[in-house]
Amino acid sequence: MIGLGGRRYHVREDEHLELLDGLLVVGEPHGSRHSATVAALCAVLARAFGVVVRGGAWDYVRSHPSAPVLVVETAETSLTLDREHKSGLYARGGVADYWIVNLHEAVLEIYRQPEPSASRPTGWEYRSTRRRAPGTTISPLAAPDRSIAVADLLPPA
């Protein structure tokens with residue numbers, strides 16, 4: 001059971017819940033392909049720059065990190081949500097570098113340069129959107145001297 005805003009919600013143990021813009025959203029269960037991609041992504045990012053938040057471990061003794069330098073979503077069934085809703089939330093939150101590992105199309109989507117937008121429900125969007133296919137590389141904004149092979153972020157074909 002989860003309590004939120006004075007209300008109680010019953011959830012199953014195996015349900016994946018996410019808090020998005022103040023609302024609890026029940027997500028699709030993650031399959032083995034998604035989980036393997038997340039594990040590979042963690043290893044690649046750890047090699048690229050160790051952590052995805054500024055500072056060191058002792059900087060967060062009093063509170064958790066709240067300003068990520070990179071946010072990466074792995075999308076197999078959640079692509080529309082990640083593109084249309086989460087991107088606006090991350091832009092509004094000031095996340096300068098947002099990536100979607102798009103498993104459906106086998107590409108990496110890169111979103112940068114957040115800016116206000118009256119046409120978006122969240123009031124924000126990314127001005128720059130690019131797609132990278134396997135065979136190309138990308139450098140995180142927070143580690144511009146590091147090059148990551150897009151193929152390392154996607155399951156083998």
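Which residue of E7 is the bridge partner of Tyr98? In the predicted model examined here, that partner is Tyr111. The pairing of these two tyrosines forms part of a wider arrangement of strands, helices and aromatic rings, which is described below.

The sheet in question is open and is built from four strands in the order E5-E6-E7-E8, with mixed pairing. Its edges are formed by strand E5 (71–75) and by E8, each of which pairs on one side only. From one strand to the next, the twist averages 25°. Helix H1 (residues 32–49) packs on this sheet and touches E5 and E6, its direction making about 155° with that of E5. Helix H2 also packs on the sheet, where E5, E6, E7 and E8 are touched; the direction of H2 makes about 170° with that of E6.

Within the sheet, strand E6 (residues 97–102) and strand E7 (residues 107–116) run antiparallel and are joined by six bridges. In addition to the partnership of Tyr98 with Tyr111, Trp99 has Ile110 in E7 as its bridge partner. The hairpin of E6 and E7 has four residues between the strands, and in this hairpin Ala106 adopts a positive phi near 55°. On the other side of the hairpin pairing, E7 is matched with strand E8 (residues 124–132) in the antiparallel sense, over eight bridges. Here Leu108 is placed opposite Arg132 of E8.

Four aromatic pairs are present in the structure. In one of them, the rings of Tyr98 and Tyr111 have centres 5.4 Å apart and planes at 35°, and the pair is therefore classed as tilted. Because Tyr98 lies in strand E6 and Tyr111 in strand E7, this pair ties together parts that are 13 residues apart in sequence. Tyr98 and Tyr111 are both buried. A further pair is formed by Tyr98 and Tyr126; this pair is stacked, with 6.1 Å from centre to centre and 25° between the planes. Since Tyr126 is located in strand E8 and Tyr98 in strand E6, the parts tied together by this pair are 28 residues apart in sequence. The relative accessible area of Tyr98 is 0%, whereas Tyr126 has a relative accessibility of 7% and likewise counts as buried. One aromatic cluster comprises Tyr90, Tyr98, Tyr111 and Tyr126. Tyr98 thus appears both as a bridge partner of Tyr111 and as a member of this cluster.

Helix H2 (residues 79–92) also contains Lys86. Is this lysine buried or exposed? Lys86 has a relative accessible area of 4% and is therefore buried, the cut-off for burial being under 20%. The side chain of Lys86 makes a polar contact with the side chain of Asp82, at 3.4 Å. The helix that carries Lys86 is the one that touches E5, E6, E7 and E8 in packing on the sheet.

Methods: Residues numbered from 1 in each chain as written. Predicted model: local features only at pLDDT ≥ 70, side-chain atom pairs only at ≥ 80, totals over all residues. Heavy atoms only, no water. Buried < 20%, exposed > 50% of the residue type's maximum accessible area, 1.4 Å probe, protein only. Polar contact = N/O pair within 3.5 Å; in protein donor to acceptor, adjacent residues only side chain to side chain. Pairing = 2+ DSSP bridges. Axes fitted to C-alpha atoms, helices over the stretch in contact; angles between N-to-C directions. Contact = heavy atoms within 4.5 Å. Phe/Tyr/Trp six-rings, centres within 6.5 Å; stacked < 30°, edge-to-face > 60°.
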